[in-house]
Amino acid sequence: MTSTTPLRRQPVQQRSAKRVERMLEACAQLIEEVGYDGVTTTLIAERAGVAVGSLYQFFPDKRAVVQALTLRNLEKFIQTVDGRFTSTTLAHWWDAVDSIFDVYVSMHREVPAFSKLHFGDVVDMRLLDDRRDNNTVISDRLAEMISAKFDIPLTELQLPISIAVEAADGVLNLAFRRDPAGDQRILDEAKALVRGYLSTRLPS
């Protein structure tokens, strides 16, 4: 999905994989507490219960740890959306769009550090993939999923979905600035805005 690999080396043994997982969890907890700027590799290592040298075996710096955390959140987002597409009856593409919104809002409320990082723009506009900006990574994947689910040509979806993602991103940010849990009135307006726009661009 992306061309970015934040790890210096992949953990092979289960013990190493668990250690990396502890580092990511520690990083998420610290970002919740002190924000991205307040986090250091030393703090991450201390919170994870590992030597800082062990962290550097896998990650060159703090940015790489946050990048790995954000890529993990992206994978969780896509997998959850895909699960909704598979397990829920979606009569129309706008039902799929509603599902995507609901997954994003749930992650914002429930996943540690997601409310601070989103999909990485706080750190780097190309944190997810060094060839594309973060929102393009998201919109491309969502367009592919909607295309496959509703048999709409991908070429008809890419630009409208990209614009919808950019618009929704701005309004959703407003919703969560107004209320840490997301101002429901603004969330509803965001859905209406995206549905209204896409209804003029996608097949009915």
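In the predicted model, Asp102 is partly exposed, with a relative accessible area of 32%. The carboxylate of Asp102 takes part in a salt bridge with Lys191, in which the closest N and O atoms lie 3.0 Å apart. This pair connects distant parts of the chain, since Asp102 belongs to helix H5 (residues 93-110) and Lys191 to helix H9 (residues 184-198), with the two positions 89 residues apart in numbering. Lys191 is likewise classed as partly exposed, its relative accessibility being 24%; this value falls between the 20% limit for buried residues and the 50% limit for exposed ones.

Asp102 also appears in the packing of H5 against helix H4. The axes of H4 (residues 62-87) and H5 come within 10 Å and cross at roughly 140°. The two helices therefore count as oblique to each other, because only angles over 145 degrees are classed as roughly antiparallel. The crossing of H4 and H5 is right-handed. On the H4 side, the contact is made by Asn73, Lys76, Phe77, Thr80, Val81, Arg84 and Phe85. H5 contributes Ala96, Ser99, Ile100, Asp102, Val103, Tyr104 and Met107.

The structure holds 11 salt bridges in total, among them the Lys191-Asp102 pair described above. Another joins the side chains of Arg185 and Asp183, with an N to O distance of 3.3 Å. The partners in this bridge differ in accessibility class: Arg185 is exposed at 63% relative accessibility, whereas Asp183 is buried at 11%. Elsewhere, salt bridges with shared partners join Asp129, Arg131, Arg132 and Asp140 into one network. Within this network, the side chains of Asp129 and Arg131 meet at 3.3 Å, N to O. Asp129 is buried, with a relative accessibility of 0%, while Arg131 is exposed, with a relative accessible area of 54%.

An unreviewed UniProt entry annotates residues 17-77 as "domain: HTH tetR-type". Over residues 17-77 the chain is 87% helix and 0% strand. The C-alpha atoms at the two ends of this segment are 21 Å apart. H4 begins at residue 62 and ends at residue 87, and the annotated domain ends at residue 77. Among the H4 residues in contact with H5 are Asn73, Lys76 and Phe77, and these three positions lie within the range covered by the annotation.

How values were computed. Residues numbered from 1 in each chain as written. Predicted model: local features only at pLDDT ≥ 70, side-chain atom pairs only at ≥ 80, totals over all residues. Heavy atoms only, no water. Salt bridge = Lys/Arg side-chain N within 4 Å of Asp/Glu carboxyl O. Helix = DSSP H or I, 4+ residues; strand = E, 2+ residues; numbered from the N terminus. Buried < 20%, exposed > 50% of the residue type's maximum accessible area, 1.4 Å probe, protein only. UniProt positions renumbered as here; feature names shortened; annotations may be inferred. Axes fitted to C-alpha atoms, helices over the stretch in contact; angles between N-to-C directions. Parallel < 35°, antiparallel > 145°, perpendicular 65-115°, else oblique. Left-handed = near helix turned anticlockwise from the far one by under 90°. Contact = heavy atoms within 4.5 Å.
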